Structure formats: structure tokens, C-alpha cells
Amino acid sequence: MVTDVLFVLLGLGGLVAGAELLVRGGSAIASELGVSPLLVGLTIVSIGTSMPELAVGIDASFNDAGALAIGNIAGTNIVNLLLILGLSAAMVPLALGRQTIRLDLPVMVISALLLLALSANGTLTRLDGLLLLTLAAAYTAIAIRAELKAKTTSLVTDDELPATGGPMWQRVLELIGGIAVVVVGADLLVRGSVDVATDLGVSEAFIGLTIVAIGTSAPELTTTIMSTLRGNRDLAIGNLIGSSVYNIAFILGVTALVKPLDVTDELIRIDIPLMAAVALLCIPVFISGRRISRPEGLAFVAGYFLYLGLLIAFRG
């Protein structure tokens, strides 16, 4: 049992450290090669902070722990929107841009409802995965086109990009090292979590919704808090909404393509509908005044801890 818990802790640490290396190294390489900060933000930062979920999902599928993979995504999106976005708004009220209302919010809701529909039969097939990946590709293309057409400021400014000092080989090593650490961390986390679930007699889905979901959300938490403190509210919102879309459309899409995933009854009846409900809750909050106020942020955080308490009480 002690060894299993140690694996979980080492895995969580590896995911956080690996994601940091991945984003730092990748962003520095992109900057050095002259890639626009917009593309860096939409690709490396958004997908980079979702790499832990991808690594966990693929590793879980190979270990026949599909419930953990899907539970991790459902739990992570609830953490992103209620806890992390709520904390960010509680610190500084978040103003919402036109693209967030017209594109990002609808796609986030559509992806959640699509997952709800696709998983209703108890399995995410390879065809389902391909459909989810198509949504991810379409969202990325439309988002980039909209940003370039509007000639708005990029998601990541020079202040948010890592320092580019040092030789190129060092940045490449950071990128490769980050990927390696994330993969190893995911393997330790999944193996340890499955063993802990078995020892405690709780479901893999429960572990995925709690320990794994909070752990793999650490990169989003770090990015959001830092961007909020720096005054870059667009990055804070974009990171969370973008990650919530990519977690479903890209991460589960790739995972299901690798190996079809079984969806448990609890995930179908409770967790995925709750994730979709949280996405739907964002519609009136986002549209009313086009901002997330401090009271709304605090209500989101309170809602998350209520959810977590009920989850532990009834399914722990």
C-alpha cells in the first residue's frame, strides 16, 4: 500500500515537472524559429498543459483501465471550470472577449454533450475517437482563423513566454525530456492509482475523478494563476476553456483511437452528465455581463468542494 501511494505521488510530481519542461522547451523553440506567439499559445501551451491527461489516458487504455481515463477527463474538466476558473475569478474578475462567447463557449458545450451522447452505449469506439478528433481539428482551425482575421493580441505575450537564452540543443532536450518525464509520470500514476483503488475497494473511476483529475490539472492551475497575477486574463480563460475542449476532443479522441474504451454505468449516469451540466452552467454566467465576477468565482469554488464532498461521501 505504501509503495502504491509513493507511485501516485511520484507520478503526480512527474506530470507537473514534465509539463513544465514541455511547455518551456517547446515555447522557446517556437520563439526561436519565428513561429507567432498566437500559434504557440493555441498549440504548445493548450496541448502542452493537456499532455498529462493524454499520457494518463493512453497508459490507462493499455492497462484496461478505461474508466480511469474517462473519469480523469470528466473530473479534470470539472476541476478546470469550477475550481481553477473559480479561483481565478475570485482573485480578479474576468472579462470575457467576443471570441470566448461566440466560439470557445459553444464548442466547449458541444464537446461535452457529444461525449455524453457517444458514451451512452457503454463504449467509446475508434469511430467515436475519430469524430472527437475531427471536432478538435475544426475548433483549432476556426480559432486560429478568427484570431488572425480579427488581428487581436496573441494568447501568449512575450512576458508569458519562457526565457529564450541558451543554445537550441538545450531547448530540444527540455522538450524531449518533458515528454519523457510526462510519460513515466503517467505510468507511475496509473499503476499506483489502480493498485490503491484495488486496495481500498473503490472504483478506478473514483480515483480518476479525484486524485488523478486534480493531479493532472496542476499545469492548468499553475498557468492560470500565473497569468491572472500577471494581468493576462485572456490567457487564463483561454487556457481553461481550450484545455476543457482538448481534453474531450483531442485527448479522448486519441485514446479511443489507440484502444476502444469501456464506459461504466456510473460514468454514464452521474459523472459525464455532471461534467456536461457544469459546461452548460457556464452559458448564463459567461453571457451575463460578459464577465465572471468575484461572487460567481467564489460560488464556482464552493460548488466544486460540495461536489468533491459528495463524491467522497457516497462513492469513496
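## A tour of a helical chain

The protein chain folds into 12 helices and 4 strands. Please keep in mind that this is a predicted model, with residues numbered from 1 along the chain.

Let us start with the overall picture. The chain has 316 residues, and 53% of them are buried. Its accessible surface comes to about 13100 Å², and carbon and sulfur atoms supply 69% of that area. Contacts also link distant parts of the sequence: of those with a separation of 6 or more, 86% join residues 24 or more positions apart.

### Helix 4 and the core

Helix 4 covers residues 66–91, which makes 26 residues. From its first C-alpha to its last it reaches 36 Å, close to the 38 Å expected at 1.5 Å a residue. Helix 4 has a bend of about 35° at Asn80. How many of the residues of helix 4 are buried? The count is 23 of the 26, so this helix is largely enclosed by the rest of the structure.

The largest nonpolar core holds 82 residues, and the members that touch the most others are Leu124 and Phe286. Helix 4 gives this core its largest share, 14 residues. In soluble globular proteins, nonpolar side chains tend to be buried together.

Leu124 is a good place to look around. Leaving out residues up to four places away in sequence, Leu124 touches several leucines, namely Leu115, Leu118, Leu252 and Leu261. The other residues that Leu124 touches are Ile70, Ser119, Ala256, Pro260 and Val263.

### Helix 3 and the turn after it

Helix 3 runs over residues 51–62 and has 12 residues. Its ends, C-alpha to C-alpha, are 17 Å apart, close to the expected 16 Å. Helix 3 is mostly covered, with 10 of its 12 residues buried. Among the buried ones are Met51, Pro52, Glu53, Leu54 and Asp59.

Asp64 sits in the loop between helix 3 and helix 4. Is Asp64 buried or exposed? Asp64 has a relative accessible area of 59%, and exposed means over 50%, so Asp64 counts as exposed. Just after helix 3, Asp64 also takes a positive phi of about 55°.

Arg290 is another residue with a positive phi, about 50°, although it is not a glycine. You will find Arg290 in the loop between helix 11 (265–287) and strand 4 (291–292). Its relative accessibility is 39%, so Arg290 counts as partly exposed.

### Three buried residues

Thr255, Ser119 and Val301 come next. Thr255 lies in helix 10, residues 233–258. Why does Thr255 count as buried? Its relative accessible area is 0%, and buried means under 20%, so Thr255 belongs in that class. Its side chain reaches the backbone oxygen of Ile251 at 2.7 Å. Not counting residues up to four places away in sequence, Thr255 touches Leu54, Gly57, Ile58, Ser61 and Leu261.

Ser119 is in the loop between helix 5 (98–118) and strand 2 (123–124). With 1% relative accessibility, Ser119 counts as buried. The Ser119 side chain reaches the backbone oxygen of Leu116 at 3.4 Å. Beyond its neighbours up to four places away in sequence, Ser119 touches Leu124, Val263, Ile268 and Ile272.

Val301 belongs to helix 12, residues 294–315. Val301 counts as buried at 12% relative accessibility. Which residues does Val301 contact, leaving aside neighbours within four places in sequence? They are Leu82, Leu83, Gly86 and Leu87. Helix 4 is made of residues 66–91, so these four contacts of Val301 fall within helix 4. The C-alpha atoms of Val301 and Ala89 are 9.8 Å apart in space, while the two residues are 212 residues apart in sequence.

Here are the accessibilities of the individual residues we visited.

| Residue | Relative accessible area | Class |
|---|---|---|
| Thr255 | 0% | buried |
| Ser119 | 1% | buried |
| Val301 | 12% | buried |
| Arg290 | 39% | partly exposed |
| Asp64 | 59% | exposed |

Conventions:
This is a predicted model: local features need pLDDT of at least 70, side-chain atom pairs count only at pLDDT 80 or more; totals for chains, interfaces and linings use all residues. Side-chain values use heavy atoms; hydrogens and water are left out. Helices (H or I, at least four residues) and strands (E, at least two) are DSSP runs, numbered from the N terminus. Buried means under 20% relative accessible area, exposed over 50%, partly exposed in between (1.4 Å probe, protein chains only). A polar contact is a pair of N or O atoms within 3.5 Å; within protein, one must be able to donate a hydrogen and the other to accept it, and residues adjacent in sequence count only if both atoms are side-chain atoms. Contact means heavy atoms within 4.5 Å. Accessible areas come from the Shrake-Rupley method with a 1.4 Å probe; for residues, only the protein chains shown count as cover. The expected span of a helix is 1.5 Å times one less than its number of residues. The bend at a residue is the angle between axes fitted to the seven residues ending there and the seven starting there. A nonpolar core is a set of buried Ala, Val, Leu, Ile, Met, Phe, Trp, Tyr and Cys residues joined through side-chain atoms within 4.5 Å.
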